[in-house]
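Welcome, and take a moment to look at the fold before reading on. This short report walks through its cores, strands, rings and charges in turn.

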Amino acid sequence: MYFIDVTLKKTIAILLFSTAFIVLRSQTFTQVNTAAGNSVPGLVNGPVASAEFNGLYSLCCDFSNNDMYVADALNSTIRKISNGMVTTFAGSGSIGDVNGQGTNASFYYTSGLCFNNGYVYVSDNGNNKIKKIDAGGNVTTVAGTTIGYQDGPIATAKFNNPTDVKVVPNGDIYVADYGNHCIRLISNGQVSTFAGTGTVIGDVIGPNASARFFHPSSICI
């Protein structure tokens with residue numbers, strides 16, 4: 001079960017994830033509502049009450065339209081919840097590594113999401129890549145090639161099971177590089193190690209370059 005605090009329509013909400021449905025709890029913690037899903041694992045689009053998910057990992061929101069985007073990890077898709085309906089925003093439902101439009105694209109275990117400036121950014125965990133999806137559902141690779149640890153140009157950089165991604169207003173992208181035990185930064189066409197010593201496990205606080213982590217899995221900015 002995963003917990004994410006979000007502001008939605010000027011109320012504080014906590015979104016609780018199970019394998020197959022999303023629950024919305026209000027700030028007063030007195031009312032629990034199912035936002036989407038029927039508790040049965042699957043890949044079914046349609047009205048929120050009958051839609052099915054499998055292995056929900058995270059979500060992000062487009063507050064301008066009150067839309068939710070969900071990382072449906074075990075279906076390797078990104079689902080969209082809008083106006084009472086669930087659709088597949090991107091991903092074929094089968095494991096793969098294909099850029100393209102909507103269901104013609106494929107992912108391998110979608111995990112972290114972030115909505116920024118009209119794009120949904122995705123940690124494509126099993127493919128060791130960061131991808132983004134435009135409003136039309138077109139998927140492209142932002143950075144990453146094969147599994148590994150390598151800084152440098154986005155076309156040659158490597159990640160190891162990135163689990164979360166966050167984008168700041170200037171367009172910089174921060175990545176929880178789970179398998180490399182560090183936080184990476186994508187900026188101006190380059191990937192660098194923002195914090196951690198890269199592949200070295202530890203529990204050390206201090207300057208970014210000497211700090212150490214053990215499987216960082218999420219980021220909040």
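Let us begin inside. The largest nonpolar core has 15 residues, and those touching the most other members are Tyr69, Ile78, Phe107, Leu113, Val120, Val122 and Ile133. Four strands, β6 (56–62), β7 (67–72), β9 (85–90) and β12 (119–124), each supply at least two residues of this core. Apart from this core lies another, of 13 residues, among them Val165, Ile173, Val175 and Val191. A nonpolar core here is a set of buried Ala, Val, Leu, Ile, Met, Phe, Trp, Tyr and Cys residues joined through side-chain atoms within 4.5 Å. Buried stands for under 20% relative accessible area, exposed for over 50%, and partly exposed for anything in between (1.4 Å probe, protein chains only). In soluble globular proteins, nonpolar side chains tend to be buried together.

A word on the origin of all this: the model is predicted, so local features need pLDDT of at least 70 and side-chain atom pairs count only at pLDDT 80 or more, while totals for chains, interfaces and linings use all residues. Residues are numbered from 1 along each chain as its sequence is written, and side-chain values use heavy atoms, with hydrogens and water left out.

**Around β12**

Strands are DSSP runs (E, at least two residues), numbered from the N terminus. Strand β12 is mostly covered, as 5 of its 6 residues are buried. Which residues does Val120 touch, not counting residues up to four places away in sequence? They are Cys60, Tyr69, Phe89, Leu113, Cys114, Phe115, Lys131, Lys132 and Ile133, where contact means heavy atoms within 4.5 Å.

Strand β12 has a hairpin on either side. Before it comes β11 (residues 110–116), antiparallel to β12 and joined to it by 5 bridges; two strands count as paired if DSSP finds at least two bridges between them. Asn116 stands opposite Tyr119 in β12, and the hairpin leaves 2 residues between the strands, with Asn117 in the turn at a positive phi of about 50°. After β12 comes β13 (residues 129–133), again antiparallel and joined by 5 bridges. There Ser123 stands opposite Ile130, and 4 residues separate the two strands of the hairpin, with Asn128 in the turn showing a positive phi of about 60°.

**Two open sheets**

One open sheet has 5 antiparallel strands in the order β5-β9-β8-β7-β6. Its edges are β5 (46–47) and β6, each with a single partner strand, so one side of each is left without a neighbour in the sheet. Strands β6 and β7 run antiparallel and share 6 bridges, with Asp62 bridging to Asp67 in β7.

Another open sheet, also of 5 strands with antiparallel pairing, follows the order β15-β19-β18-β17-β16. Here β15 (152–153) and β16 (162–167) stand at the edges. Strands β18 (residues 182–187) and β19 (residues 190–195) pair in the antiparallel sense over 5 bridges, and the bridge partner of Ile186 in β19 is Val191.

**Rings**

The structure holds 5 aromatic pairs. Rings of Phe, Tyr and Trp (its six-membered ring) pair if their centres lie within 6.5 Å; planes under 30 degrees apart count as stacked, over 60 as edge-to-face and the rest as tilted. Tyr57 and Tyr109 form an edge-to-face pair, 6.2 Å centre to centre with 80° between the planes. Tyr57 lies in β6 and Tyr109 in the loop between β10 (100–101) and β11, so the pair ties together parts that are 52 residues apart in sequence. Tyr69 and Phe115 are stacked instead, at 6.0 Å centre to centre and 5° between the planes. Tyr69 sits in β7 and Phe115 in β11, 46 residues apart. Together with Phe89, Tyr69 and Phe115 form one aromatic cluster.

**Charges**

A search of the whole structure finds 8 salt bridges, each a side-chain nitrogen of Lys or Arg within 4 Å of a carboxyl oxygen of Asp or Glu. The table shows some of them.

| Salt bridge | N to O distance |
|---|---|
| Asp124 and Lys131 | 2.9 Å |
| Asp164 and Lys166 | 3.1 Å |
| Arg184 and Asp177 | 2.6 Å |

Asp124 and Lys131 are both buried, and so are Arg184 and Asp177. Asp97, Asp124, Lys129 and Lys131 are linked in a network of salt bridges.
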